[in-house]
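Hi,

Here is the structure I said I'd pass on. Have a look at it first, and my notes follow underneath.

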Amino acid sequence: MQKPQELDILEMPVEGLAAYWLSIKKIMDARKGRDILDEEIATASEPYILHLLETVFSALDIPLVRRLAQTKRDILIDDYRTKIDLMRLAIYAIASGENPRVTLVRMDSKFAHPLMTEDRAFDMATAMFDALKPRGVDLDILLSVDHKIKADRLLVKLLFFVMYARREGRQNLDRFIPHLGSRFFSEGVSLAIDNFEADFLANHLESIRDRVMVETGRKMDMALEMALAIRSKAAYDDIFRIARTYMS
């Protein structure tokens, strides 16, 4: 069975998420206990799946479980949207040659309060230039960008790419693409390198962001319904019917 630490509800296909819950159902039926749930909770890192494991299979009544799931869904969707927007702003800045100070102001507008001072943000982003120099540095760690990174670290990394493109030319970002992690960001940077117009890229990536958020919300809804069906001891085939409802 795919372990929760390998799960990413934003990027994984709906079929993979359905298979995860169906495998939980099979193992629970075979073991006749909640050992599998305790094991999954102990190792889970995907936040929404961990939330469902901890709440759906607790003594909380189902109406409260649903309210809590909706709250967690809203918080995570907002967090993911914000981080994707930060990536989108960075790609726009790379494509347009925008002053990194302007980019930082745009990024700060995504938060109620700036995550850090301007001086600290630029000091940390500048330090990444030196961090690239040592032989053997793990670029997959240093340059990785995705929605799982804390917002302040993500902002610094994105600011570095904007500064690098401004100093060295965006064409030279090409060597970093294999290490970027996020498909959204790496594909956007590739388009910027290919001289796609900045406003077009901003609109294009905004549309992708909105579609990703809709699909992620549906996957969360499916996960909740499947988990509740497992809690109620529904038959495997009925749980599979729930999953199929969310598939095209």
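Helix α10 is the biggest contributor to the lining of the largest pocket, giving nine residues. That pocket holds about 570 Å³ of space. Its lining is made up of 28 residues, and L10, E11, R183, V212 and E215 are the ones closest to the centre. If you want to find your way around the walls, the elements that supply two or more lining residues are α1 (14-31), α4 (62-96), α9 (183-193) and α10 (198-231).

Bear in mind that this is a predicted model. Mean pLDDT for the protein is 94, with 98% of residues at 70 or more. The stretch to be wary of is residues 1-5, where pLDDT stays under 50; the model has 19 contacts beyond four places in sequence for that stretch.

Next, the core. The largest nonpolar core has 89 residues, and the members touching the most others are W21, F160, F161 and F185. This core lies between domain 1 (24-75 + 211-246) and domain 2 (82-195), because both of them give residues to it. As for F160, setting aside neighbours within four places in sequence, its contacts are A125, M128, F129, L132, L143 and F176.

One more residue to click on: T82, which sits in helix α4. Is T82 buried or exposed? Its relative accessibility is 15%, and the cut-off for buried is under 20%, so T82 counts as buried. Beyond its neighbours within four places in sequence, T82 is in contact with K110 and F111.

Cheers

Methods:
Residues are numbered from 1 along each chain as its sequence is written. This is a predicted model: local features need pLDDT of at least 70, side-chain atom pairs count only at pLDDT 80 or more; totals for chains, interfaces and linings use all residues. Side-chain values use heavy atoms; hydrogens and water are left out. A nonpolar core is a set of buried Ala, Val, Leu, Ile, Met, Phe, Trp, Tyr and Cys residues joined through side-chain atoms within 4.5 Å. Buried means under 20% relative accessible area, exposed over 50%, partly exposed in between (1.4 Å probe, protein chains only). Domain bounds come from an automatic or database domain assignment. Contact means heavy atoms within 4.5 Å. pLDDT is the predictor's confidence in each residue, from 0 to 100. On a 1 Å grid over the protein atoms alone, a cavity is a set of points where a 1.4 Å probe fits but cannot get out, and a pocket is an open set with protein on both sides within 12 Å along at least five of seven lines; lining residues have an atom within 4 Å of a point. Grid points are joined across faces, edges and corners, and a volume is the space filled by probe spheres set on the points. Helices (H or I, at least four residues) and strands (E, at least two) are DSSP runs, numbered from the N terminus.
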